[in-house]
Amino acid sequence: MRQIGIVEYGAGNLGNVMRALKRLGRSGVLLHSPDEIPESVSTIVLPGVGAFGPAMDSLRKKGWDRALIEWADREKPLLGICLGMQLFAEGSDENGSHRGLGLIEGKSEKLDMTPLPHMGWNDISTEDPILKPFDGSYLYFVHSYGLKNSKDRAATTEAGKVAFVSAVRKGSVMGLQFHPERSGDVGHAMLDRILEELGR
């Protein structure tokens, strides 16, 4: 049975992701170490809440930075949620300058909008083949930083007069700035489709 591995590195909203997977009838397993990834794991999810710098430090201390880059290099499906998506980027200027995993092009920056954080329901605009069925859908966001642009952009969202990247995809790597696991039926349906299609 294929399993979804969720990286446990001290900066993830693990409970909501595990509950969403259970609701979808999918088997999720918490990954406490990159040295103990079961053979049954087909996709890895990197959730994330909090600040960029401490989260990257935690990934590095546990060896997850190298492991996730190697996983992506082998073209295995990798999904980042919220801060997890930002960690895929080249870096961030949140509370200083920090290097990211470099899996996607772009830098996480503080968004020029008020109020911050951008919190609540907002829609996405996308032409990405995986996300296209959800073009115009409202999903749940909570963040102050994000990618203003990226050549790996898969969806955009506008808040007031500000547009930002709300999803990225490069090969088998996908990132979502919003929380599908907290976005009700539409978010769960999107998560199910991503887990089915990513990496095919």
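1. How exposed is Trp121: buried, partly exposed or exposed? Trp121 has 48% relative accessibility, so it counts as partly exposed. The upper limit for that class is 50%. Keep in mind throughout that this is a predicted model.

2. Start with the whole chain. The protein chain has five helices and 14 strands. Its radius of gyration is 15 Å, and the globule rule gives 16 Å for 200 residues. These values are close, so the chain is as compact as a globular protein of that length. Along the principal axes, the C-alpha atoms fill a box of roughly 45 × 35 × 30 Å.

3. Next, burial and surface. Of the 200 residues in the protein chain, 54% are buried. The exposed area is about 9000 Å². Carbon and sulfur atoms supply 46% of that area.

4. Contacts reach far along the sequence. Take the contacts between residues at least 6 apart in sequence: 68% of them join residues at least 24 apart.

5. Charges come next. The protein chain carries 24 positive and 26 negative charges. The mean positions of the two sets are 2 Å apart.

6. Now the aromatic rings. A pair of rings is described by the distance of the centres and the angle of the planes. Ring centres within 6.5 Å make a pair. By this rule the model holds three aromatic pairs. One of them joins Trp121 and Tyr140, with ring centres 5.8 Å apart and planes at 65°. An angle over 60 degrees counts as edge-to-face, so this pair is edge-to-face.

7. Where do Trp121 and Tyr140 lie? Trp121 is in strand 8, residues 118-123. Tyr140 is in strand 10, residues 138-143. The two residues are 19 apart in sequence, so their pair ties together separate parts of the chain. Their burial is worth setting side by side. Trp121 is partly exposed, whereas Tyr140, at 15% relative accessibility, counts as buried.

8. A second pair joins Phe141 and Phe178. Their ring centres are 5.6 Å apart and their planes meet at 70°, so this pair is edge-to-face. Phe141 lies in strand 10. Phe178 lies in the loop between strand 14 (173-176) and helix 5 (184-197). The pair links distant parts of the chain, 37 residues apart. Both Phe141 and Phe178 are buried. Ring pairs also bring in Phe164, which forms a cluster with Phe141 and Phe178.

9. Helix 1 deserves a look. It spans residues 14-23, and its buried residues are Leu14, Asn16, Val17, Ala20 and Leu21. Which elements cover them? The cover includes strand 1 (3-7), strand 2 (27-31), strand 3 (41-46), strand 4 (78-81) and helix 5. After helix 1 comes Gly25, with a positive phi near 75°.

10. Check the backbone for exceptions. Most residues other than glycine have a negative phi, and most peptide bonds are trans. Glu75 is not a glycine, yet its phi is positive, about 60°. Cys82 is another residue other than glycine with a positive phi, near 55°.

11. These two residues sit in loops. Glu75 is in the loop between helix 3 (64-73) and strand 4. Cys82 is in the loop between strand 4 and helix 4 (83-88). Are they buried or exposed? Glu75 has 62% relative accessibility, so it counts as exposed. Cys82 has 7%, so it counts as buried.

12. Two cis peptide bonds should be inspected. One joins Thr114 and Pro115, with omega about -5°. The other runs from Leu116 to Pro117, with omega near 0°. Pro115 lies in the loop between strand 7 (107-110) and strand 8. Pro117 lies in the loop between strand 7 and strand 8.

13. Last, Gly102. It is found in the loop between strand 6 (98-99) and strand 7. Its relative accessible area is 44%, so Gly102 is partly exposed. What does Gly102 contact, leaving aside its neighbours within four places in sequence? Its contacts are Phe88, Ala89 and Glu90. The C-alpha atoms of Gly102 and Ile69 are separated by 8.4 Å, though the residues are 33 apart along the chain.

Note on methods:
Residues are numbered from 1 along each chain as its sequence is written. This is a predicted model: local features need pLDDT of at least 70, side-chain atom pairs count only at pLDDT 80 or more; totals for chains, interfaces and linings use all residues. Side-chain values use heavy atoms; hydrogens and water are left out. Rings of Phe, Tyr and Trp (its six-membered ring) pair if their centres lie within 6.5 Å; planes under 30 degrees apart count as stacked, over 60 as edge-to-face and the rest as tilted. Helices (H or I, at least four residues) and strands (E, at least two) are DSSP runs, numbered from the N terminus. Buried means under 20% relative accessible area, exposed over 50%, partly exposed in between (1.4 Å probe, protein chains only). The radius of gyration is taken over C-alpha atoms; the globule rule is 2.2 Å times the number of residues to the power 0.38. Contact means heavy atoms within 4.5 Å. Accessible areas come from the Shrake-Rupley method with a 1.4 Å probe; for residues, only the protein chains shown count as cover. Lys and Arg count as positive and Asp and Glu as negative; His and the chain ends are not counted. The place of a charge is taken as NZ of Lys, CZ of Arg, CG of Asp or CD of Glu.
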